[in-house]
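Let's walk through this one together, starting with the sheet and then moving on to the core. Keep the structure open as you read.

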Amino acid sequence: MSQRTLLGPIGQIARTVKDIDAAKAWYRDVLGLPLLIEAEGMAFFDAGGTRLYLQRSEHAGPESILYFRVADIKATHVDLVAKGVAFLQPPHAVHRHADGAEEWLAFFADPEERPLALMALVQP
């Protein structure tokens with residue numbers, strides 16, 4: 001009898017940054033993520049139950065896009081624009097489900113010009 005391995009939710013995502021102090025301030029003060037732990041060259045944030053680990057690296061480069069789920073994408077967009085976040089495109093629908101609910105996205109960049117996104121399920 002084989003034993004089945006079940007993976008749980010993602011516990012942590014790592015992202016490299018060139019300037020840890022600027023990144024820490026931006027993720028905390030602009031995006032509003034709670035800072036959990038900080039150590040030399042590292043910062044850990046709570047992103048809705050998933051830990052976001054930022055590590056200083058001189059070789060920080062392109063990485064996976066982080067999609068932040070939000071309840072109200074239009075209001076969150078307005079709030080972040082007011083805080084100086086430059087969006088690559090405004091919130092827009094990308095898919096309509098059979099029940100009429102829509103998947104919405106809005107892409108923006110971090111201080112090192114790498115893409116991040118807001119995502120929301122908008123009910124009809």
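This is a predicted model, and a good place to start is its open sheet, where 4 strands line up in the order S5-S8-S7-S6 with mixed pairing. At the edges stand S5 (66-69) and S6 (92-96); each has a single partner strand, so one side of each is left without a neighbour in the sheet. Going from one strand to the next, the twist averages 30°.

Now look at S6 and its partner S7 (residues 102-109): the two run antiparallel and are joined over 4 bridges. If you want one pair to click on, take His-92, whose bridge partner in S7 is Leu-105. Helix H2 (residues 73-82) packs on this sheet, where it touches S7 and S8 (115-122), and its direction makes about 150° with that of S8.

On to the inside. In soluble globular proteins, nonpolar side chains tend to be buried together. Here, the largest nonpolar core counts 25 residues, and Trp-26, Tyr-27, Leu-31, Leu-54, Phe-108, Leu-116 and Leu-118 have the most contacts inside it. Which elements give two or more residues to this core? They are helix H1 (20-30), strands S3 (42-47) and S4 (50-56), plus S5, H2, S7 and S8. H1 supplies the largest share, with 5 residues.

To see how this comes together around one side chain, zoom in on Leu-116, one of the residues with the most contacts inside the core. Leaving aside residues up to four places away in sequence, Leu-116 touches Trp-26, Tyr-27, Leu-31 and Phe-108, among others. Its contacts also include Ile-65, Leu-66 and Phe-68, along with Arg-15 and Asp-110.

Definitions and conventions. Residues are numbered from 1 along each chain as its sequence is written. This is a predicted model: local features need pLDDT of at least 70, side-chain atom pairs count only at pLDDT 80 or more; totals for chains, interfaces and linings use all residues. Side-chain values use heavy atoms; hydrogens and water are left out. Two strands pair if DSSP finds at least two bridges between them. Axes are lines fitted to C-alpha atoms, for helices over the stretch in contact, and angles run from 0 to 180 degrees between N-to-C directions. Contact means heavy atoms within 4.5 Å. A nonpolar core is a set of buried Ala, Val, Leu, Ile, Met, Phe, Trp, Tyr and Cys residues joined through side-chain atoms within 4.5 Å. Buried means under 20% relative accessible area, exposed over 50%, partly exposed in between (1.4 Å probe, protein chains only).
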